[in-house]
Amino acid sequence: MPIKKLRKKYIEYLDAINKIGFASSEYDSLPKNPVDDEELIDAVSSIIDTSKELNLIIEQSPSSIYVADIDGKTLRINYTFEATTGLSREALLGRTTSSIEKDDLFQPSVCSIALKEKRRVILPQVVNKDREFVVAGVPIIDENGEIFRVITNSLLNNDTMSIGKYFRDTHSNEDENKPFPALIAVSEGMQNVVKLADMIKDTQSTILIEGETGVGKSLLARYIHYTSERRDKKMTEINCGAIPPALLESELFGYVSGAFTGADKKGKAGLVEISDGGTILLDEISEMPIALQVKLLHFLQNKKIIRVGGTEEIPVDVRVIAATNKTLENLVESGEFREDLFYRLNVVPIVIPPLRERKADIMPAVNYFVKKYTKLYDKKLNIEEKCIEFFEGSYWKGNLRELENCVERLVVTEGEVDIDIRSVKNEMAAAVPVKSKKPEASKINEVERKMIIEAYNRHKSSYKVAEELGISQSSAYRKIQKYIKKT
């Protein structure tokens, strides 16, 4: 009887790891149907050895790893976490993230935020009261689509700054006057966008950049800043949809000492204040909570901020650029966005056309991305001319982001031969040939379904699906539920 139970658990284990890419080598090495008890016991012994190996790998990983369950209870901590944070396992194991946060050891708890928001988050976090980190928190989803763990990985803030400095220094000789990727503007539509940007870059006017996801809104904002008179000052980018509403106000406007539980005793300047003299990009402005919109409006009108919990008005000279992939006028009509703030932001509106409406930009963009990724992966590849019509005749729902992802996949998966039409057709099954500027919704839904299913079959992970398709993890998870889990 015990052997029968063991065989059943073994088969269940094989079925589980078969869906995990990281476990593919272990799955391939194990017998799928042990012929006798001795072979079964040998297979289980091999699994135990693998478990020991994985625990050693995680323990000695150069990355700081922290794992909690669905209730925020601390389950695992590796050596690097202890070494970098100065916190011992004994002090944290078994404790909830909320209790750790109350003791001012995590501020804020990125683990708690990832669980609450049910999505991947990357935020600055102060650990053990005086150590600053950049922390990524990722919910772990089981085979039923439910969150059952959350893992965080962190880098000391000084290390991230050193990495950034290294890349800036490494690439500084390539083009010292352009600290941003190429802005491709061959088409008439993009040339008009750049002309307008050049006209207003040195004014004080607020700019509203509109356009579909992936068209390059943040890239245009960087172009405006780094070609303007403010180029030597700081440019700060903040995604209004990526930070929990409770944190967004203090991130933007800062806070005074004692403003809330866990606040730095010295207070803290917000992103608007530290960008004085420079530019701040408010990406996904449509996601800003209504209550916070009032405070932003006050700043735009008076050029003064008030920190959270404070009363003193602080003058700040900062150029505000807002970006959105939604139509703010529609949100105003539905009561989701303040009308007075919309007019204050919409002083200089710039609309970036979708890639399908500026075909002249497609092949220059393809060539730019081919050059970028062949250099990154040390390959020598070209695009055959036969591919041009196929690239230009595709719908590109995800715009430049989707195009870049497609080219990167082509470069990575090709050997040392040039990229031909067969390769393009195989790798960009997600692209929709343009038959009209407004394809039928049913056709778009079918293409979306195919994209999600194919990406999920490759990765078995909503995070990887989101990364490949250039969408948020929460959107990827919902679409996986819609097209796969409920079918």
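The following exchange looks at some side chains in a predicted model.

Biologist: Is Arg356 buried or exposed?

Modeller: Arg356 belongs to the loop that runs between β13 (348–351) and α16 (362–376). A residue is called buried when its relative accessible area is under 20%. Because the relative accessibility of Arg356 is 15%, this residue counts as buried.

Biologist: Which side chain is joined to that of Arg356 by a polar contact of 2.5 Å?

Modeller: The side chain of Arg356 makes a polar contact with the side chain of Tyr395, and there the distance is 3.5 Å. The polar contact of 2.5 Å joins the side chain of Arg356 to that of Glu212.

Biologist: How are the rings of Tyr66 and Phe106 arranged, stacked or edge-to-face?

Modeller: The structure holds seven aromatic pairs. In the one formed by Tyr66 and Phe106, the ring centres lie 5.5 Å apart and the planes meet at 80°. Planes over 60 degrees apart count as edge-to-face, and therefore the pair of Tyr66 and Phe106 is edge-to-face.

Biologist: Which parts of the chain does this pair link?

Modeller: Both Tyr66 and Phe106 are buried. They are 40 residues apart, so the pair links distant parts of the chain, with Tyr66 in strand β1 (residues 64–69) and Phe106 in strand β3 (residues 106–107).

Biologist: Which residues do ring pairs link into a cluster?

Modeller: The rings of Phe81 and Phe106 also form an edge-to-face pair, with their centres 6.4 Å apart and their planes at 80°. Phe81 lies in helix α4 (residues 79–85), 25 residues from Phe106, and Phe81 is buried, as is Phe106. Ring pairs thus join three residues into a cluster, namely Tyr66, Phe81 and Phe106.

Definitions and conventions. Residues are numbered from 1 along each chain as its sequence is written. This is a predicted model: local features need pLDDT of at least 70, side-chain atom pairs count only at pLDDT 80 or more; totals for chains, interfaces and linings use all residues. Side-chain values use heavy atoms; hydrogens and water are left out. Helices (H or I, at least four residues) and strands (E, at least two) are DSSP runs, numbered from the N terminus. Buried means under 20% relative accessible area, exposed over 50%, partly exposed in between (1.4 Å probe, protein chains only). A polar contact is a pair of N or O atoms within 3.5 Å; within protein, one must be able to donate a hydrogen and the other to accept it, and residues adjacent in sequence count only if both atoms are side-chain atoms. Rings of Phe, Tyr and Trp (its six-membered ring) pair if their centres lie within 6.5 Å; planes under 30 degrees apart count as stacked, over 60 as edge-to-face and the rest as tilted.
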